[in-house]
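Hi everyone, thanks for making time for this. I'd like to walk you through a structure that is probably new to most of you, so please follow along on the screen.

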Amino acid sequence: MKLVIGGEFLISTRSIIRDFLLLTRAAVTTTAPPKPGAVIAPRIDGEPVWVLVAGMGDLNKFTDALATASSYLGAGLASAGCGLVTCGWPGVDETVARAFADGLIDQDAELEHRLIQVMEGQMTPVFAAGQLVFCKPDDAWSESLHRADVAILLGGVGGTQETGE
């Protein structure tokens, strides 16, 4: 399952993400459809639902709309009990990861168990937190997809755009 949000927002970003979070819970667990505001349940094996969020890493193209969507998504995924996978880039990855980490503070949850950043080679993530996984440059994108149950793509070029297509 994936959610692609392009450069133009035709309907409210918050409603898209809220509906997506509710759909994710229904699709990944065996429980009945959730009530509004419900927390995403863990998978049957007890692990959190791991969500890969990838998107615009070019700060010259990182719009206010993408920043807002990224912040809301990171906080929402944290409060929903999800695990987050990113690739450590500036822009979407960094903003989602920081909002996610801020959201975990209230839960007294350990970031190392809920955030995975899969990066190319010896890249240093802009927000160095959580589990840092280093891969060969050609393997980083497929490894991040492999670690996720769901992918959400917010704008972007390169691997993000190719995955969306």
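I'll talk about one helix, then the cores, then the salt bridges and the cysteines. Before anything else, please keep in mind that this is a predicted model.

Let's begin with helix α3, which runs over residues 92–105. This helix has 14 residues, and from its first C-alpha to its last it reaches 20 Å, close to the 20 Å expected at 1.5 Å a residue.

Is α3 largely enclosed, or largely open? It is largely enclosed by the rest of the structure, because 11 of its 14 residues are buried. If you want to find them on the screen, the buried ones are V92, D93, E94, T95, V96, A97, A99, F100, A101, G103 and L104.

And what do those buried residues pack against? There are strands among the partners, namely β2 (50–55), β3 (83–86), β4 (115–120) and β6 (150–154), and there is also helix α2 (64–79).

Let me zoom in on V92, which sits in α3. V92 has a relative accessible area of 0%, so it is buried. Setting aside residues up to four places away in sequence, V92 touches V53, A54, G55, M56, F62, S70 and L154. There is also a long jump along the chain here: V92 and G155 are 63 residues apart in sequence, yet their C-alpha atoms are 8.6 Å apart in space.

Now to the nonpolar cores. The largest one has 25 residues, and the members that touch the most others are V51, V53, L77, L84, F100 and L115. At least two residues of this core come from each of β2, α2, α3 and β6. Which element gives the largest share? That is our helix α3 again, with six residues.

V53 is a good one to click on. Leaving aside neighbours within four places in sequence, V53 is in contact with L73, L77, L84, V85, T86, V92, D93, V96, I152 and L154. You'll recognise V92, D93 and V96 there as buried residues of α3.

There is also a second core, separate from that one, with 10 residues including V85, I116, V133 and A140.

Take V133 from that list; its place is in strand β5, residues 131–135. V133 counts as buried because its relative accessibility is 15%. Beyond neighbours within four places in sequence, V133 is in contact with I116, Q117, V118, M119 and R147. If you look from V133 to Q122, 11 residues away along the chain, the C-alpha atoms are separated by 9.7 Å. Please remember R147 from those contacts of V133, as we'll meet R147 again in a moment.

On to charges. As a general point, side chains of opposite charge can pair when their charged atoms come close. How many salt bridges does this structure hold? Two.

One joins the side chains of E94 and R98, at 2.9 Å from N to O. Both residues lie in helix α3, four residues apart, which is about one turn of the helix. Their surroundings are worth a look too. E94 counts as buried because its relative accessibility is 19%, and the cut-off for buried is under 20%. R98, with a relative accessible area of 36%, is partly exposed. Apart from neighbours within four places in sequence, E94 is in contact with W89, V126 and F127.

The other salt bridge is between E143 and R147, where the closest N and O atoms are 2.7 Å apart. E143 has a relative accessible area of 22% and is partly exposed. R147 is partly exposed as well, at 29%.

Last stop, the cysteines. How many disulfides are there in the model? The count comes to zero. Why does C87 have no bonding partner? The closest cysteine sulfur belongs to C135 and is 9.1 Å from the sulfur of C87, which is too far for a bond; the cut-off for a disulfide is 2.5 Å. C87 is itself buried, at 6% relative accessibility. C82 is buried too, with a relative accessible area of 0%.

So, to pull the thread together: α3 is largely enclosed because 11 of its 14 residues are buried, it gives the largest share of the largest core, and it holds both E94 and R98. Thanks for listening, and do feel free to rotate the model while we chat.

Terms used:
Residues numbered from 1 in each chain as written. Predicted model: local features only at pLDDT ≥ 70, side-chain atom pairs only at ≥ 80, totals over all residues. Heavy atoms only, no water. Expected span 1.5 Å × (residues − 1). Buried < 20%, exposed > 50% of the residue type's maximum accessible area, 1.4 Å probe, protein only. Contact = heavy atoms within 4.5 Å. Core = buried A, V, L, I, M, F, W, Y, C linked by side-chain atoms within 4.5 Å. Salt bridge = Lys/Arg side-chain N within 4 Å of Asp/Glu carboxyl O.
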